[in-house]
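Here is a short briefing to read alongside the picture. Take a moment to look at the fold, then follow the points below.

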Amino acid sequence: MARPKKCKIVDLCLEHNEFSPNITPRKTIYLFPEELQAIKLKDIDGLWVIQWAEKMWISKSTFANLYKKAHAKITQALIEWNKIQFKC
């Protein structure tokens, strides 16, 4: 039996729910709030591993997985001219 999902603390408020290139995007990439929060904490706020995990109430390895997944999605969207939609 799989472990139950743990609640993650996310404190983002977005004005828009998508980011799209000026051309017609090929497909839509979905970015979840906890993935966006991971990118914000590491890349924008410049926090360290312990601080990231404590702020979201998750383990360091879970945070690292979220960050890696979000980073890959954003990179794919930018390289392939895809739309990023923020799921809430």
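How much area does the chain expose, and what share of it do carbon and sulfur atoms supply? The chain exposes about 6700 Å², and carbon and sulfur atoms supply 58% of it; accessible areas come from the Shrake-Rupley method with a 1.4 Å probe, and for residues only the protein chains shown count as cover. This is a predicted model, where local features need pLDDT of at least 70, side-chain atom pairs count only at pLDDT 80 or more, and totals for chains, interfaces and linings use all residues. Residues are numbered from 1 along each chain as its sequence is written, and side-chain values use heavy atoms, with hydrogens and water left out.

**The whole chain**
- The chain has three helices and three strands (DSSP runs numbered from the N terminus: helices are H or I with at least four residues, strands E with at least two).
- Along the sequence, their pattern is β-β-α-α-α-β.
- Of the 88 residues, 27% are buried (under 20% relative accessible area; exposed is over 50%, partly exposed in between, with a 1.4 Å probe and protein chains only).

**Helix 1**
- Leu-36 sits in helix 1, residues 33–44, and is buried, with a relative accessible area of 16%.
- Its C-alpha atom is separated by 9.9 Å from that of Lys-87, 51 residues apart along the chain.

**Helix 2**
- Trp-52, Ala-53 and Met-56 are buried in helix 2, residues 49–56.
- Helix 1 and helix 3 (60–80) are among what covers the buried residues of helix 2.
- Trp-57 follows helix 2 and has a positive phi, near 60°.

Definitions and conventions
Contact means heavy atoms within 4.5 Å.
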